[in-house]
Amino acid sequence: MDKLGELFQQMLNQDLIQITLSNTIDRERADKVKVRPILIRGELVFQETLYRGTKVFHSHYAKLEMRKRLSDYMEDCFRQAQLRNAAEEATALVSKKGKVTIKRRILADTGKERQTVPDLSHNRSKQYILPEGLPVDFLIELGVQTPEGQIIKAKYDKFRQINRYLEFIKDILDKLPSDRTIRIVDFGCGKSYLTFAMYYYLHQLQKRDIQVIGLDLKADVIRNCNALARKLRYDGLRFEEGDISSFQGADQMDMVVSLHACDKATDYALEKAVKWGASVIMAVPCCQHELNGQIQCDTLRPLLKYGVIKERMAALITDALRANLLELHGYDTQILEFIDMEHTPKNLMIRAVKSAGMRPRTRVSGGENSSIDSVIKFLQVNPTLKELL
């Protein structure tokens, strides 16, 4: 096995393309293992992908530990190893008696055989902010990761959602204060997967001084979230029981988050954000029932007679009007697709950033305001957010 260990030592570097271990003799342990180099925050490590039945597990190891794992696998689990880097490939076979045979071949200097630049990205299709294989305390406590950093298969959609959410925050990071404590409120925080993710990203990874309040109506949820925040020592994160419309827990906020606040609760969250003059607003509305019961439009009657069409149109119109009203009050506003596996396969996020040099306005007239009024009159609706602002 010494020869095989030396081969692994030579091949485990940034020029490695892939190592594949196969021909298993212990299927309960693994059917196959693949290894490739990746860069995580500038550090070279090796990603192990282990296949067992229908399950796939990802882990990351430094070079010395990866070499030991490969040697151990070949000693009592696999009979074949295929290795390839930018310049050569090798095959190692282990007989039943433990004899090792190694064949190496220099690759021809042609584009067909050589891959001169190995892919060192953590995920070839997606570079996650919270990478797979690296343990994160709140993900472990919330049952998304194992203590070793592997993603629980049933929670992989939640893992993707968390990373997508953090990408949205990363995009607006420069809009948040850098010279003082950032004040954030998360309205309708629920079980708070994303609240904990936001705190971890901004405080632990970005080293920002932040104070986050999570608000929800459910007393048991708030109790559990506060207990977890204390356990993780997330000192700048606290949770309160309460209703969005009557929340009086702050005089000003820099960022207002509202994810899946039902129906008009989203409007109350947006109203408070505007009146605080929050720099950033991130809202994922749901259950937009209000306009569905209001729309009366003879011109659109042939379309609105289908209940499911009317419901979807009403939801889209609701969010479009909300976005326009935020623009009228000094915000650059986008409507973006957001991954959400709890309600619909795809959902929409309203992300608004306060325009430079503008203060929130309580009265707006002329121009775009007239256009919005024309749409409201045409549809014969009365959006709550318009009344609140």
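Which residue follows α7, and what is the sign of its phi? In this predicted model, α7 is followed by Gly-277, whose phi is positive, near 75 degrees. The close-up views below begin with this helix.

**View 1. Helix α7 and its surroundings.** Helix α7 comprises the twelve residues 265-276, which at 1.5 Å a residue should span 16 Å, and the 17 Å between its end C-alpha atoms agrees with that expectation. The helix is mostly covered, with nine of its twelve residues buried, among them Leu-270, Val-274 and Trp-276, but also the charged residues Asp-267, Glu-271 and Lys-272. The elements against which the buried residues of α7 pack include the strands β8 (182-187), β11 (255-262), β12 (280-286) and β13 (331-339), together with the helices α9 (307-328) and α11 (384-388).

**View 2. Strand β8 and its parallel partner β9.** Five of the six residues of β8 are buried, so this strand is largely enclosed by the rest of the structure. Strand β9 (residues 210-216) runs parallel to β8 and is joined to β8 by six bridges; within this pairing, Ile-184 has Val-212 of β9 as its bridge partner.

**View 3. The open sheet of seven strands.** The strands of this sheet follow the order β4-β3-β2-β1-β5-β6-β7, and their pairing is antiparallel. At the edges stand β4 (55-61) and β7 (100-106), each of which has a single partner strand, so one side of each is left without a neighbour in the sheet. Neighbouring strands are turned against each other by 15 degrees on average, with direction ignored. Within the sheet, β2 (residues 32-40) and β3 (residues 43-52) form an antiparallel pair over nine bridges, and Leu-39 stands opposite Leu-44 in β3.

**View 4. Helices α1 and α2 against the sheet.** Helix α1 (residues 2-11) packs on the sheet, where it touches β1 (16-24), β5 (78-85), β6 (88-94) and β7, and its direction makes about 30 degrees with that of β7. Helix α2 (residues 63-76) lies across β1, β2, β3, β4, β5 and β6, and runs at about 140 degrees to β5.

**View 5. Aromatic pairs within one helix and between distant parts of the chain.** The count of aromatic pairs in the model comes to twelve. One of these is the tilted pair of Tyr-156 and Phe-159, whose rings are 5.7 Å apart, centre to centre, with 50 degrees between the planes. Both residues lie in helix α4 (residues 156-171), three residues apart, about one turn of the helix. An α-helix has 3.6 residues a turn, so residues three or four places apart point the same way. Tyr-156 is partly exposed, with a relative accessible area of 26%, whereas Phe-159, at 0% relative accessibility, counts as buried. Phe-187 and Trp-276 have their ring centres 6.3 Å apart and their planes at 15 degrees, so this pair is stacked. The pair links distant parts of the chain, with Phe-187 in strand β8 and Trp-276 in helix α7, 89 residues apart, and both Phe-187 and Trp-276 are buried.

**View 6. A ring cluster and two lysines over tyrosine rings.** Phe-196, Tyr-199, Tyr-234 and Phe-239 are linked into a cluster by ring pairs. Lys-158 lies over the face of Tyr-193, at 4.6 Å from the ring centre, and the charged end of Lys-32 sits over the ring of Tyr-51, 5.3 Å from its centre.

Technical notes: Residues numbered from 1 in each chain as written. Predicted model: local features only at pLDDT ≥ 70, side-chain atom pairs only at ≥ 80, totals over all residues. Heavy atoms only, no water. Helix = DSSP H or I, 4+ residues; strand = E, 2+ residues; numbered from the N terminus. Expected span 1.5 Å × (residues − 1). Buried < 20%, exposed > 50% of the residue type's maximum accessible area, 1.4 Å probe, protein only. Contact = heavy atoms within 4.5 Å. Pairing = 2+ DSSP bridges. Axes fitted to C-alpha atoms, helices over the stretch in contact; angles between N-to-C directions. Phe/Tyr/Trp six-rings, centres within 6.5 Å; stacked < 30°, edge-to-face > 60°. Lys NZ or Arg CZ within 6 Å of the ring centre and 35° of its normal.
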